[in-house]
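Subject: Structure handover and notes

Hello,

Here is the structure I said I would pass on. Please look it over before reading the notes below it.

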Amino acid sequence: MNALPSLNGSIGYLYTSQPLDIGTSATVDFQDLVDRFRIVEPTDTNKDAINHYLLYGRMSFPGSRLEAMYVRRLSPHLQCLITAVNQPRLPGQPQMAMQLQYDVGKWCSECSYTTDDGLLGVRALYNFGQQEIALDGNAGNVAAGIQGQWALGTELYYGTLDKSGGLSIGLRYHTLPSAGTPPICFTYTLNPLVGHMSTAYVAQVSKELAMCSRYDFSIYSYESDLALGFEYRTKNDRDPGKDKTQKLEGLIKARIGFTEGLALMWEGRLKNTLFSIGLTADLSSRSSPIRTIGLEMQYFS
């Protein structure tokens with residue numbers, strides 16, 4: 001439930017055929033719940049993961065907006081996803097989106113279709129092999145090398161109702177978690193039809209601090225935006241347990257940009273409750289620089 005600026009909320013339901021054990025809000029690993037910078041290492045696909053499914057639904061009030069999602073694993077590499085949204089106060093049929101995803105690790109593809117605007121889409125992503133660069137100039141010493149991976153992706157879409165299409169391409173480089181080097185990630189995306197391109201770079205400079213930058217540019221209008229941000233992790237002083245690793249107990253995020261302004265957020269755990277508090281501000285406005293203030297609390301057992 002949200003109390004400000006107006007009273008609203010939602011009630012949801014989720015069911016999955018796979019065991020779902022996330023513990024309680026007091027014992028769950030906090031770093032698995034927050035949206036943070038991390039490079040995920042690929043895992044082996046479970047060949048027995050066939051015909052497993054997930055059901056999700058949510059109703060919002062006021063307005064009685066309904067959302068539904070159905071996901072089913074057809075094979076170890078093939079998965080289908082169907083989502084639907086119904087808003088009784090708006091005319092028209094419920095909006096539905098269907099996706100068919102195929103992922104083999106080295107490359108993946110996706111076909112999609114939405115009913116509201118008749119949009120057809122195709123996406124593909126290919127991961128290139130590892131790279132290893134010697135830092136000390138000694139060709140025989142590869143222990144100090146940097147191992148990373150490149151990825152190239154593209155997206156094609158066509159609207160059957162408005163008879164228009166689009167194209168975008170993207171490039172990404174990131175280090176591998178098993179390389180033992182500080183994680184870094186660089187991305188570049190380009191949409192040549194609308195003339196928009198974006199670059200982003202993020203690096204984890206220490207175990208607690210990660211810094212990033214993003215630059216957006218419009219080729220046709222020459223409009224641009226630069227944003228800088230960081231996240232700082234705070235850890236608890238309690239006994240980490242058998243794994244001998246400290247658990248992430250707090251995360252502070254900050255972002256400042258010429259267009260989006262300033263944004264601050266703090267996520268953490270207080271006893272048995274998870275919370276997040278944040279604000280957005282427009283530093284160019286002297287009369288009312290604070291745009292929004294938000295607070296969220298979670299408790300589950």
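The notes below go from the whole chain down to single residues. Please keep in mind that this is a predicted model.

Overall make-up

The protein has 17 strands and zero helices. Of its 301 residues, 26% are buried. About 20,100 Å² of surface is exposed, and carbon and sulfur atoms supply 60% of that area. Among contacts with a separation of 6 or more, 35% are between residues 24 or more positions apart.

Nonpolar core

In soluble globular proteins, nonpolar side chains tend to be buried together. Which residues form the largest nonpolar core here? There are five: Phe37, Ile39, Cys185, Val202 and Ala210. If you want one of them to start from, take Ile39. Once neighbours within four places in sequence are set aside, Ile39 touches His174, Thr175, Pro177, Pro183 and Ile184.

Aromatic residues

The count of aromatic pairs comes to seven. One of them is Tyr215 with Phe217: the ring centres are 6.4 Å apart and the planes are at 15°, so the pair is stacked. The cut-offs behind this are 6.5 Å between centres for a pair, and planes under 30 degrees apart for stacking. Are the two residues buried or exposed? Phe217 has 18% relative accessibility and therefore counts as buried, since the limit for buried is under 20%. Tyr215, at 33%, counts as partly exposed. Tyr222 joins Tyr215 and Phe217 in one aromatic cluster.

Thr16

Thr16 sits in strand β1, which covers residues 9-16. Its relative accessibility is 17%, so Thr16 counts as buried. What does the side chain of Thr16 reach? It reaches the backbone oxygen of Tyr53 at 3.4 Å. A polar atom of the Thr16 side chain also lies 3.2 Å from the backbone nitrogen of Gln18. Leaving out neighbours within four places in sequence, the contacts of Thr16 are with Tyr53 and Leu54. Tyr53 therefore appears twice for Thr16, in the polar pair and in the list of contacts, where the limit is heavy atoms within 4.5 Å.

When you open the model, the places to look at are the core around Ile39, the stacked pair Tyr215 and Phe217, and the side chain of Thr16 with the backbone oxygen of Tyr53.

Regards

Notes. Residues numbered from 1 in each chain as written. Predicted model: local features only at pLDDT ≥ 70, side-chain atom pairs only at ≥ 80, totals over all residues. Heavy atoms only, no water. Core = buried A, V, L, I, M, F, W, Y, C linked by side-chain atoms within 4.5 Å. Buried < 20%, exposed > 50% of the residue type's maximum accessible area, 1.4 Å probe, protein only. Helix = DSSP H or I, 4+ residues; strand = E, 2+ residues; numbered from the N terminus. Areas by Shrake-Rupley, 256 points an atom, 1.4 Å probe, with all protein chains shown as cover. Phe/Tyr/Trp six-rings, centres within 6.5 Å; stacked < 30°, edge-to-face > 60°. Polar contact = N/O pair within 3.5 Å; in protein donor to acceptor, adjacent residues only side chain to side chain.
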